[in-house]
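Colleague: Got a minute to walk me through this model? I'd like to start with the core.

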Amino acid sequence: MKTIVSRAMAIIVALCAFIVPSAKEKTDSLHVLFIGNSYTFFNDMYVTVSRIAAENPAHRLAIAYKNLTPGGCSFARHLTLNDEIDVIKKGGWDYVVMQEQSSAPSLPSEIVAKNTYRNAHLLDSIVHKYNPKAQVIFYMTWGHKFGTQNPTEGYPLPDTYEGMQMRLINSYLEMAYQNNAWCAPVGMAWQQMRRERPYVPIYNADASHPSAIGSYLAANVIYATILQKPYTSNYIADIDPELAEYIQQLAQNTVLNNLRLLNIVK
């Protein structure tokens with residue numbers, strides 16, 4: 001009888017030893033730093049990224065995050081905030097998601113090159129000096145609902161949503177290329193959703209910031225950029241399930257169908 005019991009216990013222990021590593025193989029942990037402004041902190045978008053990752057049953061991902069997101073902050077201003085630079089210098093970040101002031105990348109190309117591109121490169125350089133293995137992701141934003149709210153005299157291109165979005169796409173892709181970084185194409189997914197479901201309120205009442213749905217879209221695009229594989233997450237942020245499923249698919253398609261364009265190469 002004792003022999004039978006001993007053999008049964010040995011079988012159970014062996015099975016447990018087999019099962020536990022398998023579960024661990026499907027669970028990873030990452031440290032992600034978000035550098036931006038209200039477009040990132042509205043509706044706790046950075047928290048939503050972690051919730052989506054944690055509730056993907058096929059690949060659970062524990063994301064420890066920190067956000068450096070003063071309202072209206074530009075790359076230039078981030079570089080002057082010593083407390084933020086200290087956070088970068090402490091190291092340990094796997095991904096650094098960087099988002100510029102909403103209209104800065106839509107300005108005339110010579111101004112974008114002098115200001116946005118220059119400061120993006122300076123931030124990227126600091127990140128890599130203290131986090132040599134970190135992957136920088138430039139968070140491409142969306143055009144204001146009716147065109148830029150900060151018009152430039154003699155430069156009408158961003159005065160419409162379409163023109164502003166085109167400038168933002170080009171500028172964010174250029175930042176990714178110049179710094180050997182990745183681009184999270186939130187603005188591209190936003191544009192597609194405006195085309196396919198124009199009745200869905202992705203803007204806040206100010207026609208600039210994201211609604212809760214808009215932030216959920218942004219979070220899914222950023223998560224898809226990090227994961228780079230199909231997924232289904234059980235976290236839908238109190239959004240209608242059908243709409244949440246659509247947003248998850250839209251985010252994945254926008255990323256996975258454009259990996260080369262977005263400079264996502266390994």
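Colleague: Which residues touch the most other members of the largest nonpolar core?
Modeller: Phe138, Tyr139, Met193 and Ile222 do, out of 78 residues in that core. A nonpolar core here is a set of buried Ala, Val, Leu, Ile, Met, Phe, Trp, Tyr and Cys residues joined through side-chain atoms within 4.5 Å. Buried means under 20% relative accessible area, with a 1.4 Å probe and protein chains only.

Colleague: And which helix gives the most to this core?
Modeller: Helix α9 (residues 212–227), with 11 residues. Helices are DSSP runs (H or I, at least four residues), numbered from the N terminus.

Colleague: Is this predicted, and how are things counted?
Modeller: This is a predicted model: local features need pLDDT of at least 70, side-chain atom pairs count only at pLDDT 80 or more, and totals for chains, interfaces and linings use all residues. Residues are numbered from 1 along each chain as its sequence is written, and side-chain values use heavy atoms, leaving out hydrogens and water.

Colleague: Back to Phe138: what is it in contact with, beyond neighbours within four places in sequence?
Modeller: Its partners include Phe75, Met98, Tyr172, Met175 and Trp182. Contact means heavy atoms within 4.5 Å.

Colleague: New topic: which residues of α6 meet α7?
Modeller: Ser109, Val112, Thr116, Tyr117 and Ala120 in α6 meet α7 residues including Arg167, Glu174 and Met175. By class, that contact has four nonpolar, five polar and two charged residues.

Colleague: Last one: why is α3 largely enclosed?
Modeller: Seven of the 10 residues of helix α3 (residues 45–54) are buried, so the rest of the structure largely encloses it. Among them are Met45, Tyr46 and Ile52.

Technical notes:
Buried means under 20% relative accessible area, exposed over 50%, partly exposed in between (1.4 Å probe, protein chains only). Helices (H or I, at least four residues) and strands (E, at least two) are DSSP runs, numbered from the N terminus. Ala, Val, Leu, Ile, Met, Phe, Trp, Tyr, Cys and Pro count as nonpolar, Asp, Glu, Lys and Arg as charged, and the others, Gly among them, as polar.
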